[in-house]
Amino acid sequence: MTAARLQVPARIVEGDVFKLRLLVQHPMDSGFLRNLEGVLVKRNVIRHLQCIFHSKEVFRVEPTTGTAANPLFEFYLRATTSGELYFRWVDDKGYIGELRHNLVVIPANQSTAPKT
Amino acid sequence: MYLLSRRDWLRRFSLSTAGLWAGSTGLSKAQDMSVLGRVQDLSDARLRTFDEMVSAYVVRQQLKNEGMGLTMPLLADNGHLVPLSLKVDSPMTEESHVTHVYILSQLNPAPLIAMIVLGPWNGRAEISMRVRLSGTQMVVALARMSDGNFRYATSQVSVTEAACVDNG
């Protein structure tokens, strides 16, 4: 049901600081709005979202009702070695969303081609 | 020929379905109608002062309005989705980096929009996200540095359509 998309640069060389864009599909119901039948929609927002890389938390955000629906987060990360980026988020209903992305980092001594 | 406008049609439709719903759940009709007619009342919401917004996070530490930028549109037509990007001038090394970023609202029912945790592994203290605003207000971004001191940046945003009011 809940889906997410991650955007990273196509080519990441060791030592680079690269940008990650994470778009999570989530209604982020604030608990203040009513549906078409006039019934208050219960609050359901993402409580926390974390990004784990090499079993270390490298980014964490705790949104509240003030974060827009389908939240988009852009942040930076310094490239070290290849590994799996693991995103995990929990909402008020207890739903746990996950996204895994295999991050390929080119070692610095192998990057002979000019950077684009 | 008498045609119902879309708004009238929606209103009638929602009233009738809500009536059915109230009947089936045993709620009195009058009670349900009052709920339907009520719009989220934000008239008593007032703009929080800067001290009120910040005092929950900054107690005795230094607070400076420098070395940080907060970019938001001057006029946001739709309060449901307002782009926000912030940047802290920090080398993001082990000795000097940003640990937490708090995005605070002056008017929203929830004063804290989001709390973000960063560290030296991020390499650059730059974040973009999209927020909800319940009216024309000032947004404050508060960054806690690794030495325990705080920096902040503000942005005044005019909002034409608030995010937590039902219009229909």
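Where chain A meets chain B in this predicted model, the contact draws on 27 residues from chain A and 32 residues from chain B. On the chain A side, strand 4 (56–63) and strand 5 (72–78) each bring at least two residues to the surface that touches chain B. Strand 5 of chain A is the biggest giver there, with seven residues. Sorted by class, that side of chain A holds 15 nonpolar, six polar and six charged residues.

**Across the interface**

- The two chains also meet strand to strand: strand 4 of chain A pairs with strand 6 (residues 112–117) of chain B in the antiparallel sense, over four bridges.
- If you would like a spot to look at, find Glu62(A), which stands opposite Met115(B) in strand 6 of chain B.
- Strand 6 of chain B has a partner in its own chain too, since five bridges join strand 5 of chain B to strand 6 of chain B, and these two run antiparallel.

**Strands 3, 4 and 6 of chain A**

- Strand 3 (residues 46–53) of chain A pairs with strand 6 (residues 83–91) of chain A in the antiparallel sense, over seven bridges.
- Strand 3 of chain A also pairs with strand 4 of chain A, again in the antiparallel sense, over five bridges.
- Gln50(A) is a handy marker for both pairings: its bridge partner in strand 6 of chain A is Arg88(A), and its bridge partner in strand 4 of chain A is Arg60(A).
- Strands 3 and 4 of chain A form a hairpin with two residues between them, and His54(A) in the turn has a positive phi of about 50°.

**Overall layout of chain B**

- Chain B contains three helices and nine strands.
- Reading from the N terminus, the elements of chain B go α-α-α-β-β-β-β-β-β-β-β-β, with the helices ahead of the strands.
- Of the 168 residues in chain B, 32% are buried.
- Taking the contacts in chain B between residues at least 6 apart in sequence, 67% join residues at least 24 apart.

**Strand 5 of chain B and its neighbours**

- Strand 5 (residues 98–105) of chain B is largely enclosed by the rest of the structure, because six of its eight residues are buried.
- On one pairing, strand 5 of chain B runs antiparallel to strand 8 of chain B over seven bridges; here the bridge partner of Val98(B) is Met145(B).
- On another, strand 5 of chain B is bridged to strand 6 of chain B, where Val101(B) has Ile116(B) as its bridge partner.
- Strands 5 and 6 of chain B form a hairpin with six residues between them.

**The largest nonpolar core**

- This core has 53 residues, and those with the most contacts inside it are Val98(B), Val101(B), Ile103(B), Val131(B), Ala141(B) and Ala143(B).
- Strand 8 (residues 137–145) of chain B provides the largest share of the core, six residues.
- What does Ile103(B) touch, not counting residues up to four places away in sequence? The list is Leu84(B), Ile113(B), Ala114(B), Val131(B), Val139(B) and Ala141(B).

**Positive phi in loops**

- Asn70(A) is found in the loop between strand 4 and strand 5 of chain A, and its phi is near 50°, a positive value in a residue other than glycine.
- Is Asn70(A) buried or partly exposed? Asn70(A) counts as partly exposed because it has 15 C-beta neighbours inside 10 Å, and a residue needs 20 or more to be buried.
- Met92(B) lies in the loop between strand 4 (82–88) and strand 5 of chain B, and has a positive phi of about 55° although it is not a glycine.
- Met92(B) counts as buried because it has 21 C-beta neighbours inside 10 Å.

**A cysteine towards the end of chain B's strands**

- Cys164(B) sits in the segment after strand 9 (150–161) of chain B.
- Why is Cys164(B) described as buried? There are 23 other C-beta atoms within 10 Å of Cys164(B), so the cut-off of 20 or more is met.
- The C-alpha atoms of Cys164(B) and Ser96(B) are separated by 39 Å, and the two residues are 68 residues apart along the chain.

Note on methods:
Residues are numbered from 1 along each chain as its sequence is written. Chains are lettered from A and ligands numbered from 1 in the order in which they are written. This is a predicted model: local features need pLDDT of at least 70, side-chain atom pairs count only at pLDDT 80 or more; totals for chains, interfaces and linings use all residues. A residue is buried if 20 or more other C-beta atoms lie within 10 Å of its own, exposed if 12 or fewer, and partly exposed in between; C-beta atoms are placed from the backbone. Two residues are in contact if their C-beta atoms, placed from the backbone, lie within 7 Å. Ala, Val, Leu, Ile, Met, Phe, Trp, Tyr, Cys and Pro count as nonpolar, Asp, Glu, Lys and Arg as charged, and the others, Gly among them, as polar. Two strands pair if DSSP finds at least two bridges between them. A nonpolar core is a set of buried Ala, Val, Leu, Ile, Met, Phe, Trp, Tyr and Cys residues joined through C-beta atoms within 7 Å.
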